[in-house]
Structures are given as C-alpha cells and as structure tokens.
Amino acid sequence: MITLGVDDLPAATAFYERLGWKRSSASQEGVSFFRLDGIVLGLFGRRALAEDARLTGIAAERPAFSGVALAYNVSSEKAVDETIAFAEQCGATVVKPGEAVFWGGYSGYFADPEGHLWEVAYNPFSPLDADGRMTLPD
C-alpha cells in the first residue's frame, strides 16, 4: 500500500476518480482507497498522516520536493505521451513532457493536484507482461 498525505481529500479523491480509478467501498470519511493492480493507493489528510506517524516535531507542510516519485510504466513512447496528456486533462500539471532519457527509455512527469510526482515511463529493458505489469530479471 502507498499512502499519500493530502491537504484536500475530496479534491484529491476526485482527481484520481477522473483518472478512471475506482474508489473502494472500504473508503471512509477521512481516507480514500483505490485498488490498483496488486497494490492499494490510500489518500489521507497530510496533517493526520503526520500525527499518525508521530511526527509532531516535524512540519507537515509540503516541501518544495519530497524526494519521492511514483511511477507508472506503459508499453510505448506514444503511451507515455497519451497518459501524461490524459492526466493533464484530469487536472494534473505536466512537470516534464515525455522525452528520451539517458538510460535508454522514454519518460515524463506530472504532478497530481496535491503536488505528488508521477513518472510515466516506457522502459524497453523491462517489458510489461500479458497483464501489463512491469517485469524485472531475477
């Protein structure tokens, strides 16, 4: 499970629903859950998350860069561009359009309305399996 701390839970939930992700009935007033392929994305209030982790002495405000990016791998360079364009239509901000990258793939980044970074990547060295999951060598 991946949990993102958000300032505006209803708006963040609506963004991910616009992406086509279905909010689970397990969601409650203070938390939204989305079942993804093999993982769960949770959205939880930023301050409540900091309190839950007992980070009372650490500011819960958003840093300029958190040092974390989530990644979504797709099957082609064209799919990178299409996915980033779709995310933008849903309310994301394009941070870096798709481009050839130093490691031999193609990727770009968008930020959700709360500023969480998502990389969308085509990696020719880690193909997707029949179910669309990224594969890694042993």
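M134 is found in the segment after strand 7 of this predicted model. At 41% relative accessibility, the residue counts as partly exposed. Beyond its neighbours up to four places away in sequence, M134 touches N73, S126, P127 and L128. M134 and C90 are 44 residues apart along the chain. Their C-alpha atoms are separated by 24 Å.

Strand 7 itself belongs to an open sheet of four strands. The order is 4-7-6-5, and the pairing is mixed. Strand 4 (69-74) and strand 5 (93-100) stand at the edges. Each has a single partner strand, so one side of each is left without a neighbour in the sheet. Neighbouring strands of this sheet are turned by 15° against each other on average, with direction ignored. Strand 6 and strand 7 pair in the antiparallel sense, over six bridges. Within this pair, G108 stands opposite V120 in strand 7. Helix 3 packs on the sheet and touches strand 4, strand 5, strand 6 and strand 7. The direction of helix 3 makes about 10° with that of strand 6.

A further open sheet holds three strands in the order 1-3-2. Its pairing is also mixed. Here strand 1 and strand 2 stand at the edges. Each of these has a single partner strand, so one side of each lacks a neighbour in the sheet. The twist averages 20° from one strand to the next. In general, strands of a sheet pair through backbone hydrogen bonds, either parallel or antiparallel. Strand 2 and strand 3 pair in the antiparallel sense, over five bridges. F33 has G42 as its bridge partner in strand 3. V31 has F44 as its bridge partner in that strand. The hairpin of strand 2 and strand 3 has four residues between the strands. In this hairpin, G38 takes a positive phi near 95°. Although strand 2 is an edge strand, four of its five residues are buried, so it is largely enclosed by the rest of the structure.

Helix 1 spans residues 9-18. Its buried residues are L9, A12, T13, F15 and Y16. Seen down the helix axis, these residues fall within an arc of 155°, so they line one face of the helix. What covers them includes parts of both sheets: strand 1 (2-6), strand 2 (31-35), strand 3 (40-45), strand 6 (106-111) and strand 7 (117-122). Helix 3 (77-89) is also included in this cover. At the start of helix 1, a side-chain oxygen of D8 reaches to within 3.1 Å of the backbone nitrogen of A11. Just after the helix, G20 takes a positive phi of about 100°.

The loop between helix 1 and strand 2 contains W21. S27 has its place in that loop as well. W21 counts as partly exposed, at 21% relative accessibility. The cut-off for buried is under 20%. S27, with a relative accessible area of 13%, is buried. Leaving aside neighbours within four places in sequence, W21 is in contact with Y16, F34, L36, L41 and W118. The C-alpha atoms of W21 and F102 are separated by 31 Å. These two residues lie 81 residues apart along the chain. For S27, the contacts beyond four places in sequence are S32 and F33. A polar contact of 3.5 Å also joins the side chains of S27 and R23.

The largest nonpolar core has 22 residues. Among its members, L4, F15, Y16, L43 and F110 touch the most other members. The elements that give two or more residues to this core are strand 1, helix 1, strand 3, strand 4, helix 3, strand 6 and strand 7. F15 and Y16 are also among the buried residues of helix 1. L43 is in contact with several residues of that helix, namely L9, A12, T13 and Y16. Its other contacts beyond four places in sequence include L4, V6, V31 and F34.

Technical notes. Residues are numbered from 1 along each chain as its sequence is written. This is a predicted model: local features need pLDDT of at least 70, side-chain atom pairs count only at pLDDT 80 or more; totals for chains, interfaces and linings use all residues. Side-chain values use heavy atoms; hydrogens and water are left out. Buried means under 20% relative accessible area, exposed over 50%, partly exposed in between (1.4 Å probe, protein chains only). The arc is that of the directions from the helix axis to the C-beta atoms. Contact means heavy atoms within 4.5 Å. A polar contact is a pair of N or O atoms within 3.5 Å; within protein, one must be able to donate a hydrogen and the other to accept it, and residues adjacent in sequence count only if both atoms are side-chain atoms. Two strands pair if DSSP finds at least two bridges between them. Axes are lines fitted to C-alpha atoms, for helices over the stretch in contact, and angles run from 0 to 180 degrees between N-to-C directions. A nonpolar core is a set of buried Ala, Val, Leu, Ile, Met, Phe, Trp, Tyr and Cys residues joined through side-chain atoms within 4.5 Å.
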